[in-house]
Amino acid sequence: MQTYTIQPVSAMRAHPEMIPDVGGLYALILDHPEELDPSLDRAGLKLEEVFLSGRHVLYIGATGHSLRRRLKHHLADDTCMSTFRMSLGAVLMEALGLEVRARPGQRYFGFEPHSEALLSAWIAEHVSVAVRPHARARDVEQRLIARAQPPLNIAGRGANEGAAEMARLRRRCRGLPLQPGTLN
């Protein structure tokens with residue numbers, strides 16, 4: 001059985017060659033839960049009691065191609081390329097004073113450049129990344145999300161109140177009505 005390799009986001013951003021260039025699983029884990037708890041409370045979300053190396057799991061993902069390429073999207077200053085950044089930014093928007101960049105007609109949203117930098121700094125200070133090469137990562141990802149219920153994932157959590165609330169927060173960032181029962 002393979003184990004996860006865990007590194008701080010700041011190390012992976014500085015040295016992307018540390019990230020395997022193969023398909024696999026990844027988890028974004030919270031190093032300092034006390035820094036996110038007030039924002040999660042305000043958003044009506046909570047951290048589940050799911051840990052990896054003693055830290056709360058925020059988000060689980062998988063790629064069949066390249067962990068390095070996929071994680072570059074999550075770690076770059078471009079929220080519209082990362083569902084993790086969209087979810088975390090929606091939760092932290094008030095606390096960090098993030099300003100949404102309008103992208104009319106698009107399913108994804110981003111933040112103004114100074115807000116992208118604030119979000120990236122927060123991630124670098126409070127989040128680590130766990131990676132594990134795996135040939136059938138996409139199959140395993142769905143089972144892990146269904147079991148762990150990470151607060152920043154939407155897809156794979158089923159008809160879960162937390163997933164619905166996360167979807168509403170992201171709809172708000174897109175400037176859309178907060179329609180109950182929709183997961184986009």
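Me: Which residues of E2 lie on each of its two faces, and are they buried or exposed?
Reply: In a regular strand the side chains alternate between the two faces of the sheet. In E2, one of the strands (DSSP runs of E, at least two residues, numbered from the N terminus), both faces are covered and the residues on each are buried, where buried means under 20% relative accessible area with a 1.4 Å probe and protein chains only. This is a predicted model in which local features need pLDDT of at least 70, side-chain atom pairs count only at pLDDT 80 or more, and totals for chains, interfaces and linings use all residues. One side carries Gly24, Tyr26, Leu28 and Leu30, and the other carries Leu25, Ala27 and Ile29.

Me: What is the bridge partner of Ile29 in E4?
Reply: Residues are numbered from 1 along each chain as its sequence is written, and side-chain values use heavy atoms, with hydrogens and water left out. Strand E4 covers residues 55–63 and pairs with E2 in the antiparallel sense over 7 bridges, pairing being assigned if DSSP finds at least two bridges between two strands. Within E4, the partner of Ile29 is Val57.

Me: What is the bridge partner of Tyr26 in E7?
Reply: Strand E7, residues 127–133, also pairs with E2 in the antiparallel sense, over 7 bridges. Within E7, the partner of Tyr26 is Val131.

Me: At roughly what angle do the axes of H4 and H5 cross?
Reply: Helices here are DSSP runs of H or I with at least four residues, and axes are lines fitted to C-alpha atoms over the stretch in contact, with angles running from 0 to 180 degrees between N-to-C directions. The axes of H4 (residues 83–96) and H5 (residues 113–126) come within 10 Å. They cross at roughly 100°.

Notes:
Buried < 20%, exposed > 50% of the residue type's maximum accessible area, 1.4 Å probe, protein only.
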